[in-house]
Number of protein chains: 2
Amino acid sequence: MNEYPSVLLENAVSQFASLPGIGRKTALRLVLNLLRRDSNEVNHFASALTRLKTEVHYCKYCHNISDTEVCSICSSSKRQRQTICVVENIQDVLSIEKTGQYNGLYHVLGGVISPVDGIGPKDIELDSLVERIEPENIEEVILALPTTLEGDTTNYYIFKRLQQFNIRITQIARGVAIGNELEFTDEITLGRSIVNRTEFKG
Amino acid sequence: MNEYPSVLLENAVSQFASLPGIGRKTALRLVLNLLRRDSNEVNHFASALTRLKTEVHYCKYCHNISDTEVCSICSSSKRQRQTICVVENIQDVLSIEKTGQYNGLYHVLGGVISPVDGIGPKDIELDSLVERIEPENIEEVILALPTTLEGDTTNYYIFKRLQQFNIRITQIARGVAIGNELEFTDEITLGRSIVNRTEFKG
């Protein structure tokens, strides 16, 4: 027995409900919203999805999402080309771009090393990072991975692989988030922010 | 300047973000989830949407969503055919069906009368309700509209239109929700539940 009076409705709801964080009730609300629109709009919606999947590229250098073989960042003449910022995924590129504080290149790993989940160094874009260093004359690699056990493991692995090159290897600063009260900061972060204190340049 | 490095990504995110309750950050998360799936799955998703829109029917009697000209409820031989339950929308049919307490027919208005929003009696399926009473030998109409000002207005309007027929007109019970504490029940509901108290049948 179907929950809905229409198999077509059932299918559409199931598709939306397969997305992360969307339950069947929300899915139904979204589908009924689409159903109220005219056919053109729904076709645009559907074709945006299929075109995205069939036509999108991943930059052959940094593996960021792109409409072309080389992404707009890697092909830009305005970027500082001797620095690579290593991130876990595409969202991280967007987040760092939004800060306006970085003008170098990126390298999207597409994941971090996680033995528990069966993700090893070969499953992410690590070799391709190492292969970029010499041809592109990279001078600095900034590790901007999540501050988790998996992120740290991946950082260490990358550090080991890059030691053969005469480059600077840095990682993003860790500490108390700007605007946060100390009493609400977790003790590991707070502890490390004391150990790793920096010179006050009044 | 685009927020995203890909116009295709931008389009897909905008489509999802056009849905109610989905912001751009959530939309991006959903789109990147789809992007990780294989093309077949994404095509299924897209075609579920276009097929829904192009192939779905609304039952010619009750206006519920359906895959056929007459919905599964209206065409069922197991339903009690002398009672119509009047509801605002398709979700309400699903909600009432889930209770398992109703075995009659439905009539989906597709809205309620709301002068503020410019919705009058002609904009919803009211005439078609009146036209069902005699041909279908309806004996009872249950008003199951929202317990709002608009719902009440619509109830009253339907009541006036149906008075010409020799049928029973009822409305769903209103009162303190089952499992609710009195102290957390709003005072209008509580007040009415005292005025409209029913005989206690030990």
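What distance separates the centres of domain 1 of chain A and domain 2 of chain A, taken over C-alpha atoms? The separation of these two centres is 34 Å. Domain 1 of chain A covers residues 7–54 and domain 2 covers residues 65–171, with bounds that come from an automatic or database domain assignment.

This is a predicted model, in which local features need pLDDT of at least 70, side-chain atom pairs count only at pLDDT 80 or more, and totals for chains, interfaces and linings use all residues. Residues are numbered from 1 along each chain as its sequence is written, while chains are lettered from A and ligands numbered from 1 in the order in which they are written.

**The two copies**

A turn of 179 degrees and a shift of 0.0 Å along the axis lay chain A on chain B with an RMSD of 0.1 Å; the superposition is by least squares on the C-alpha atoms of residues with pLDDT of at least 70 in both. The two copies are therefore related as by a two-fold rotation axis. In chain A, the C-alpha of A:Ala46 is the one nearest the axis, at 2.2 Å.

Chain A and chain B each give 44 residues to their contact, where two residues are in contact if their C-beta atoms, placed from the backbone, lie within 7 Å. On the side of chain A that touches chain B, H3(A) provides the largest share, with 14 residues. By class, this side has 26 nonpolar, 13 polar and five charged residues. Here Ala, Val, Leu, Ile, Met, Phe, Trp, Tyr, Cys and Pro count as nonpolar, Asp, Glu, Lys and Arg as charged, and the others, Gly among them, as polar.

**Helix packing**

Helices are DSSP runs of H or I with at least four residues, numbered from the N terminus. Their axes are lines fitted to C-alpha atoms over the stretch in contact, and angles run from 0 to 180 degrees between N-to-C directions.

| Helix pair | Axis distance | Angle |
|---|---|---|
| H1(A) and H2(A) | within 8 Å | roughly 120 degrees |
| H1(A) and H3(B) | 9 Å | about 145 degrees |

H1(A) passes H2(A) in a right-handed crossing, whereas the crossing of H1(A) and H3(B) is left-handed. A crossing is left-handed if the near helix is turned anticlockwise from the far one by less than a right angle, and right-handed if clockwise.

Among the residues that meet between H1(A) and H3(B) are A:Leu8 and A:Gln15 in H1(A) and B:His44 and B:Glu55 in H3(B). The residues of this contact divide into seven nonpolar, three polar and two charged.

Note on methods:
Helices (H or I, at least four residues) and strands (E, at least two) are DSSP runs, numbered from the N terminus.
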